[in-house]
Each structure stands twice: as C-alpha cells, then as structure tokens.
Amino acid sequence: MKMSPKNIIQFLWIFLAVGTTFATSLFIGPVRALIEILRKHHMGPGFESFCMALIILVVFLGTAVVSRWLRSILNRSSSLFEPVLIYFGTTLFFIFSIHLTLNPSHLQTNQGNVSIFNHQFTFGPFPDKEQLQNLREEGYSAVVSLLHPALVPFEPKLIHDEKRWAHEVGIKFINIPMLPWVNENEKSLEILRQLAQDNHGRYYLHCYLGKDRVLYVKRFLETLTPNSTSIQKLEGRSLDNLSAFERGKIYQLEKGVYFTPFPTDEEFMGFILNGKINHVVSLLDPNHPEDNIRLEKERSLLRFSNMPFTNLPISGLNYEPQKILEAAKTVKTMPRPLLVHAFLTKTPRDLGFIKAYELNRAALDDSLFIVPLKNGAIKTIASVAAIGPRPKSNEFGSYFPPKGINKFLFLGPSDNAQAIKDKEILREAGLIWESASTIQPELLRRLHADGPWYFYGPKLEILKKDLETGLAKLNEKSRQETIKVETPQPLKESQPIGQAKTRKWGWPTYKETILWSPFFLLFIILFSGWVWNLENQKKISTALARTIFLLCIGTLALGLYFLYGVGVASLFISWTIICVFVVILRGFNL
C-alpha cells in the first residue's frame, strides 16, 4: 500500500471507527462475562489485570489487521459498492458506539446496583442530573467520580457534564480519576484514604457502570475500615432473619414474599437495595397527602437504584375488601423475592391484606370492629364474615359500608317482624339482605365466595357453630388450592437480569444489535478467511471446508442461545447469512 497522505488518513479513520466499535462491543459484552467468571472463581486482581491487558492487545492488533484489510479492499476496488459499504458501515457503527458510551443509562442491564458501604460511602453507576438532585436532597456532601480524562472520547465529556450538573443542583463534585486494569492508581487511592480517614460527610462514589473501579475502591476501603458495615455484611442481612422494622412487624406471606411497614432510609439500604429483593410493591394511596410524599421519595430512591416498583393504592379511610383482594392476587403473579409494604402493618387495611393473601378471599379483621354497635360487640368468624347483635336502623347504612360490609344474612324466619323491617331498610339503602333458618353446604360455599357478610338474628347462637366450622373448612380448602397454584420463581443468582425477556423474542433489541454486530462481523470475516485458507493452502476438499464452517457456526450459535438468549443467537445467524450472500454476489465459489 502506497504511503500517501490520502491513504494514511483513510487508514486512520477506518482504524478509529473499527477500534471504537470493536472495543465498545467487546468490553460491554463478552469481556463483562469474562470478568464475572474470573471474580466468581476468585482469580485475583493481578490475574484479572493481566487478562484485560491481553485483551486490549488483541483488540489493538485485531483492529489493525481488519483496518488494513478494509483499506486493501478500497485500494483495489473498481466500483462504488465497496467504498460506500465500508465508509457507511464503519461510520454508522462508530456513531452508535459513541452514542452508547456517552449515555450510560442506555446500558442499564450492564450497570451495577447502588449499594451502601458505610455511613460515609455509597457506590453506584454514573448518575444523571435528576439523580444528583436526589443525592443532594438525601443529604450527600459530594459526588465522587472515578472517571478518567484519558479515556477518550466519552469519559472527558461525562466528567464535564457531571461537573456542570453538580454545580446546577448545588452538590459538590470531586474527580478522583482512576484507570482500570492498567494503572496502580496510587495517587487516587491516597486521596480516597484521606476522605475515609477524615470520617466526615457522605459521598456517592461512582465510575462508568458502577462495577470495576467501584469494586476496586470497595476492596481498598475495606482494608482501611475493617470494622465498618461493609457491602459484604449488608448483603448478608436478610428479611428471613428479621421480625420487625422500626415502624412495625414483618410478615412472611410465603417464601420470597414479605409484608412490611414503610422502610426507613437505613432499612431500604440494608435490606432492600442489597440485592436480596427484586421488586417493591407499595399499598400507599397517592390521594392521601402524607402517603403521596412518601411515594415520591420512594420512587426517587428506587428509580435511582434501578429497582422495579409498583404502586397498588388502597385507601386507608374506608375499608375496601374487594380492592384489597385484587391487590393480593396481583402480588401473587409477581416475580420473587419481593417486598410489599403499607405505612404500618397493624391497621385493618394491613391485616386485611395479609388475610386476603392467605385465604384468596375478601377478608375482615377484628380491628375493624373496635367500636361496638349500640346493641353490643361484633367479632369475625373465619376472617370472611362478622357476627353480632341486630343493628339499629341507622347503623345498617352508616356503620357497615365503611368497613366493607354490604351484605347481611338474617338467621331466622323471613316472615319475622324484625326481618321484614330490616329487609325494607336495607333495600332502600341499596344493600343486600337475605335470610336463612338452616345452613346448607351450598349456602356456605356462596357465603364464603361472595363475602364479606354480616350474620345476625334470633337463630344466631344456634347456627353460629355450624357457620364457624363450615367456613373454617372452606378456608382450609382455599389455602390448599392456593398452595397448588404454581407461583413465580425467583431469579437465579447466576441468571443475568433481562435474559429471560431476551429469550421470549425472536429478534434482538437495538442495543444487542449495536453491541454484538461488530464482534460478530469480525469473527465471521476472520473465521471465513481461516476456512478459505484451509481449503486453498492445506488443499482440503470443498465439502469438508463447508462442513467445518457450518459445524462451527452452528455450535457457536447454540452456545450464544444458551448464554445470552435467542435474540443474540438470531443476530449472529443473520449476519452469517448476510456475509454469505455478499460473498456469492461478489462471484466467489462456495
């Protein structure tokens, strides 16, 4: 190749575009998996740094080889097809790579979680302006960035943006640049040592994705503060070993489902944002001013930590058993482990939710009836109905509906004078009234399914035992049916978040296309060249060369399917087919 200025510029541009694209896809995709394997097997930071240095060398040499090859195609091309394809393709992938690296939020599935180390340091990924505002409101003294200006082009831009955002929201910005894998970072570690020994202030410390440099700093700080509440200790804190939060008792509704009061900030960090919970559900009502303030704070905290959050609002003013039951049924369909909370866990709404979850029926709790009727006290039976004296005329419409009871069963003959009067009062009030003198199995099943009911009348004492026994048996049957229903399984620790979603689709997402395409194209080109060399230099038969090619491509596609899902595998197969068609169109013999 002639060393003219034009050729040099072309080569340098192709080298920059190919190198940026190749490095981005490799370090965000396959290299991440390699790092996790090394750390899982405790290979140590020294070996990890050696592997990363080797990969960087391979990236550099691979980029040089591919760039020289593309440049040679341009040099001997006699049509516009190859130059347009090469310049357009490299430029397009370069732009997408730069866009991804300048927007870390697009890589949420690759980001680390926000985690508290001790009273001074919290670790996480690169924050945006809204998250910096949340940090200031939560009382953080400063945000500490480990981004390095030498990692061009994206980290200098991110440093500049974060510094400007921090100034606008009013939080101090500290840049302690660190280079992963290729530098001892002694000067930066000394600054961090001084911050830790100062023992004042609260800092949010981050790198790009909240993984490599953050983990390095965690290990370093643990050597300085061996008695602190480190992230490893926090990860050992489980709701299974806790009976109460500060605001009330914790109930384990079933394996992986916890009902708690509204957590304090420390409880959020120590028990929810430590990787032990996959989803948070709130029963707070946004129409209630104080609940709305708590909801906004919770949304902000969980959004900042990339924690899935669902609000199933239930009013704390009037008791709504059917709405509570619907919320319980919705919770049962969610992935485990999950945490459900109200503000406390002792109000009628809270206790009613626990019983509705257990029985799979609209339920009542005795706490609803602390205030008695004028004629006497009320109590619940089998948690699905209430029994008591005959209400006064005005109590039917004023006392019971706010407690979720709109159905009344008069236990006695329907032609009784009291029954006739009550029937007229309830129908005028729009409530349901029925009567029964005996308890039959069919009636019991209907009462159990359509509740809650209020039972009263002259034959209450005679039929009370039959009601209690029959409804209790139906409750037990309902529990057994609930146990038999297949409940969602918690995500396995080894399964990457988002992988299950990827397997459901036949085509890759645009992020998967951008991240994996350069790597796949490079592999297909180099592998095809190797097979071509086998056929032409080693003189193996064309049929054998084709068999080797198809066997290796199929094996790799199968491996990609099991590791990353059908989307990535289909992307690899698609690029292989495209490359084969291009080769055929260019007149090569396959």
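Strand E9 (257-260) sends its side chains to two sides. Val257 and Phe259 point one way from E9. Tyr258 and Thr260 point the other way. All four of these residues are buried in this predicted model. In other words, each has a relative accessible area under 20%.

E9 is part of an open sheet of 5 strands. The order is E8-E9-E12-E10-E11, and the pairing is mixed. Strand E8 (251-254) and strand E11 (309-311) are the edge strands. Each of these two pairs on one side only. On average, neighbouring strands of the sheet are turned by 20° against each other, direction ignored. Strands of a sheet pair through backbone hydrogen bonds, either parallel or antiparallel.

The pairings can be followed from one edge to the other. E8 and E9 run antiparallel and are joined by 3 bridges. Here glutamate 254 stands opposite valine 257 in E9. Valine 257 is also one of the buried residues of E9. E8 and E9 form a hairpin with 2 residues between the strands. In this hairpin, glycine 256 takes a positive phi near 85°.

E9 also pairs with E12. These two strands run parallel, with 4 bridges between them. Tyrosine 258 has leucine 339 of E12 as its bridge partner. The side chain of Tyr258 points the opposite way from those of Val257 and Phe259.

On the next step across the sheet, E12 pairs with E10. The sense is again parallel, over 4 bridges. Histidine 279 stands opposite leucine 338 in E12. E10 (residues 279-282) is then joined to E11 by 3 bridges, and these strands run parallel too. In this pair, valine 280 faces phenylalanine 309 in E11 across the bridge.

E10 also sends its side chains two ways. His279 and Val281 point one way, whereas Val280 and Ser282 point the other way. All four are buried.

A helix covers part of this sheet. Helix H13 (residues 348-359) packs on it and touches E8, E9 and strand E12 (338-341). The direction of H13 makes about 25° with that of E8.

A nonpolar patch was found on the surface. It covers about 690 Å² and is made by Phe47, Phe50, Leu54, Leu57, Val58, Phe60 and Leu61. Among them, valine 58 lies in helix H3 (residues 45-76). Valine 58 has a relative accessible area of 49%. It counts as partly exposed because this value lies between the 20% limit for buried and the 50% limit for exposed. The value is also over the 30% needed to join a patch.

The chain as a whole has 590 residues, of which 46% count as buried. It holds 21 helices and 17 strands. Contacts between residues at least 6 apart in sequence were also examined. Of these, 72% join residues at least 24 apart. The accessible surface of the chain comes to about 30400 Å². Carbon and sulfur atoms account for 60% of that surface.

Notes: Residues are numbered from 1 along each chain as its sequence is written. This is a predicted model: local features need pLDDT of at least 70, side-chain atom pairs count only at pLDDT 80 or more; totals for chains, interfaces and linings use all residues. Side-chain values use heavy atoms; hydrogens and water are left out. Patches are made of residues with over 30% relative accessible area and no salt bridge: like charges are joined within 9 Å, nonpolar side chains (Val, Leu, Ile, Met, Phe, Trp, Tyr) within 5 Å. Accessible areas come from the Shrake-Rupley method with a 1.4 Å probe; for residues, only the protein chains shown count as cover. A salt bridge is a side-chain nitrogen of Lys or Arg within 4 Å of a carboxyl oxygen of Asp or Glu. Buried means under 20% relative accessible area, exposed over 50%, partly exposed in between (1.4 Å probe, protein chains only). Two strands pair if DSSP finds at least two bridges between them. Axes are lines fitted to C-alpha atoms, for helices over the stretch in contact, and angles run from 0 to 180 degrees between N-to-C directions. Contact means heavy atoms within 4.5 Å.
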